[in-house]
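Visitor: I've got a few minutes and a viewer open. Could you walk me through this one?

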Amino acid sequence: MKSLLTFLAIAAVILAPAVQAQSTVNAATTPTRQGMAQLGDPYVPAHVKAAARVAATPAAAGASLQERALQKLQAKFSEADSNHSGSVTKAQAQQAGFGFVANNFEQIDVSHAGRVTFDNVKSYMRANGANF
Amino acid sequence: MSIKRKLWFGLAVSLQLCALAFAAHQAVAQEAPDAVMARPPVDQPYNDKTLYGFGAGDALAAAQVTESAAVTHDSISINGKTIRYTATAGHLTAADPKTGKPEASIFYVAYTADKQNTGKRPVTFFYNGGPGSSSVWLHLGSFSPKRIVTGDPATTQPLPFPFVDNKQSLIDTTDMVFIDAVGTGFSEAISPNTNQTFWGVDSDAAVFRDFITRYLNVNHRLESPKYLYGESYGTPRTDVLANLLEMGGTKLTGVVLQSAILNYNSNADFNGGSYGPYFPGYAAVGAYFKLVTPPPANLTTFAKQMRTFVAGIYEPAVDAFLASNTQPSPNLLNQLFFNSGYPAALWKADFNLDETTFRSNLIPGSLLGRYDGRVVAVNGSPLAADGDPSSTLITQQFTDSMNDYLPHGLKYTAVSTYNIENGDTIQDWVWTHDGLYLPDTIPDLAAAIYQNPKLKVLSENGYHDLATPFYNTELDLGRLGPISGLQITHYRGGHMIYLFDPSRLLMKGDLVRYYDSRS
């Protein structure tokens with residue numbers, strides 16, 4: 001127990017300066033983000049920033065913004081398409097909580113097939129003024 | 001359950017039954033034939049005996065959860081018109097939309113004007129950010145019927161800050177519901193979830209969706225125009241939440257993004273890279289301290305010039321510097337000095353200038369606020385102690401006011417203390433979203449707009465905000481391309497724009513027009 005406490009005390013002494021982030025350039029005291037961690041909305045902890053930098057995925061560079069937005073709706077559609085038929089019934093939409101499709105089903109289902117494809121959903125959005 | 005817990009639980013149930021009986025008595029009394037003058041409705045105080053836990057692993061047992069509230073009645077005169085309103089402070093249960101299982105008990109304070117046509121009367125959901133912040137800043141600082149007077153940006157307002165009727169309250173235009181995220185206020189997860197279950201970009205937005213759904217259903221507001229109003233981290237939350245609501249079948253009328261950070265990847269404070277987008281904010285702050293040459297006559301015009309300067313000159317130079325260590329020309333360093341008041345030699349030392357270094361060195365011996373660059377404190381003074389004088393200026397006063405207002409104004413007494421800020425949340429938060437380590441929520445906003453092209457999007461920005469600089473937000477929103485519902489406004493002031501009296505007045509005017517505008 002005593003050696004554990006000693007270890008912890010030494011560790012605290014060693015780690016304390018590392019926790020304080022200091023700018024090396026200016027003469028004035030640089031305030032540390034740690035002191036205002038609770039208040040610094042928006043704030044991201046150092047370890048998260050480090051991980052993000054390592055991953056370094058460029059924002060929206062691969063797929064376009066439009067593709068990424070539609071991908072989200074496609075993902076919800078796939079979730080509703082529980083039997084992987086490529087189309088979704090009103091009941092399936094409701095089951096999955098895809099209210100946008102369930103509530104507008106009759107208008108999306110232009111051919112009155114009782115089921116809609118994701119293309120039907122896209123056509124419906126475009127018809128209502130969606131710009132993609 | 002321990003004996004002690006059983007006793008508390010028993011007491012809570014008894015009090016709840018008394019409250020219900022009292023409310024029923026009130027309902028019966030109000031059905032009696034009208035007198036010549038209607039009796040004013042009686043307040044219904046609530047005493048919350050629940051002990052809330054705000055740690056990552058804390059959760060309420062199902063048996064502890066109630067949907068009780070304190071209800072008070074008041075009125076306010078705005079522009080010569082008296083508005084009677086009801087304040088409701090309490091909890092509603094957010095439940096999983098698929099299974100119906102309770103997820104979290106969410107604390108909220110709602111202000112609803114009496115005798116309104118709910119089909120036309122808007123309801124707006126307000127929340128701050130953090131993540132880990134309660135909604136106290138918007139609640140007591142912006143557009144409620146009451147507000148705290150801070151004197152921002154001055155640091156000389158005598159303590160305690162006054163708590164007054166808010167002549168710029170939005171109660172004349174919309175009902176307002178201030179939501180406290182899980183682990184803040186008196187909001188807590190319900191077992192088997194823990195608070196940490198909801199500490200992530202996606203899980204947080206989902207539980208907000210579920211609370212809003214519950215509120216709309218319980219209060220019969222499904223037909224009302226619905227708005228979201230988020231500040232700071234509340235803005236990426238709004239993007240994710242708006243898409244979740246639209247996908248779920250709840251159609252919004254508009255979203256207000258105040259002091260936004262919609263993509264953490266494009267902000268150098270969080271993802272490294274260029275601080276170019278911060279520069280117009282530095283320039284605005286420099287102009288405020290009369291350090292800009294020549295001194296600009298008009299802030300709007302000056303801001304325009306600074307955007308052009310960054311896009312055409314400073315940003316390309318920073319990019320070259322970061323890519324291949326290309327040194328800036330003396331001419332550019334002088335331009336930077338003229339435009340901001342920050343010395344050329346210091347620009348040379350930190351060409352890709354971060355906001356902390358800027359705030360530390362613009363005024364020798366002093367530190368500027370991060371939220372509001374106009375707030376200045378001498379190094380070593382109490383206001384400078386936590387690194388952001390503009391935040392330190394207000395935090396204790398907001399905390400004290402809330403702790404007083406809850407029992408004495410809202411008549412909500414509690415065993416627990418209202419949790420203003422949760423320091424654990426930010427450390428445990430799950431930031432990943434759509435496969436990125438840090439959230440980019442512009443695609444979420446785009447998806448919401450695809451489903452609802454009439455969505456009215458309003459972005460409000462403070463020129464002097466160095467936490468979420470206005471030009472950074474404009475660049476993020478610019479990725480959306482032309483969308484008819486987008487409006488961007490700017491005001492003198494910092495992150496909490498509304499604390500500056502002239503700007504709160506202007507915001508009120510712009511917001512009334514925004515609410516009245518057709519989609």
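Guide: Sure. One term before we start: a residue is buried if 20 or more other C-beta atoms lie within 10 Å of its own. Also keep in mind that this is a predicted model.

Visitor: Okay, what share of the residues in chain A is buried?
Guide: Chain A has 132 residues. Going by that C-beta count, the buried share comes to 30%.

Visitor: How many helices and how many strands does chain A have?
Guide: Read from the N terminus on, its elements go α-α-α-α-α-α-α. That leaves the tally for chain A at seven helices and zero strands.

Visitor: Which elements of chain A give two or more residues to the side that touches chain B?
Guide: The contact involves 46 residues of chain A and 56 residues of chain B. On the chain A side, the elements giving two or more residues are helices H2 (46–55), H3 (65–80) and H5 (99–103).

Visitor: And how do the residues on that side of chain A divide into nonpolar, polar and charged?
Guide: Tyr and Pro count as nonpolar here, while Gly goes with the polar ones. With that split, the side of chain A that touches chain B has 25 nonpolar, 14 polar and seven charged residues.

Visitor: Over to chain B. Why is strand E15 largely enclosed by the rest of the structure?
Guide: Look at both faces of E15(B): B:Lys456, B:Leu458, B:Glu460 and B:Gly462 are buried on one side, and B:Val457, B:Ser459 and B:Asn461 are buried on the other. The strand is largely enclosed because its buried residues number seven of seven.

Visitor: Which residue is the bridge partner of B:Gly462 in E16(B)?
Guide: E15(B) has strand E11 (residues 254–260) of chain B as a parallel partner, joined by five bridges, with B:Val256 opposite B:Leu458. E15(B) also runs parallel to E16 (residues 486–491), with six bridges between them. In that second pairing, B:Gly462 is matched with B:Tyr491.

Visitor: Which helix makes a right-handed β-α-β unit with E15(B) and E16(B)?
Guide: The two strands run parallel, and the crossover between them is right-handed. The helix in that unit is H14 (residues 470–478) of chain B.

Visitor: Where does helix H7 of chain B bend?
Guide: H7(B) covers residues 299–324 and bends by about 50°. Its buried residues include B:Met306, B:Val310 and B:Tyr314, and the elements covering the buried ones include H6, H8, H14 and E16 of chain B. One of those buried residues marks the bend: B:Val310.

Terms used: Residues numbered from 1 in each chain as written. Chains lettered and ligands numbered in written order. Predicted model: local features only at pLDDT ≥ 70, side-chain atom pairs only at ≥ 80, totals over all residues. Buried ≥ 20, exposed ≤ 12 C-beta atoms within 10 Å, placed from the backbone. Helix = DSSP H or I, 4+ residues; strand = E, 2+ residues; numbered from the N terminus. Pairing = 2+ DSSP bridges. Right-handed = clockwise from strand over helix to strand, strands pointing away. Bend = angle between axes of the 7 residues up to and from the residue. Contact = placed C-beta atoms within 7 Å.
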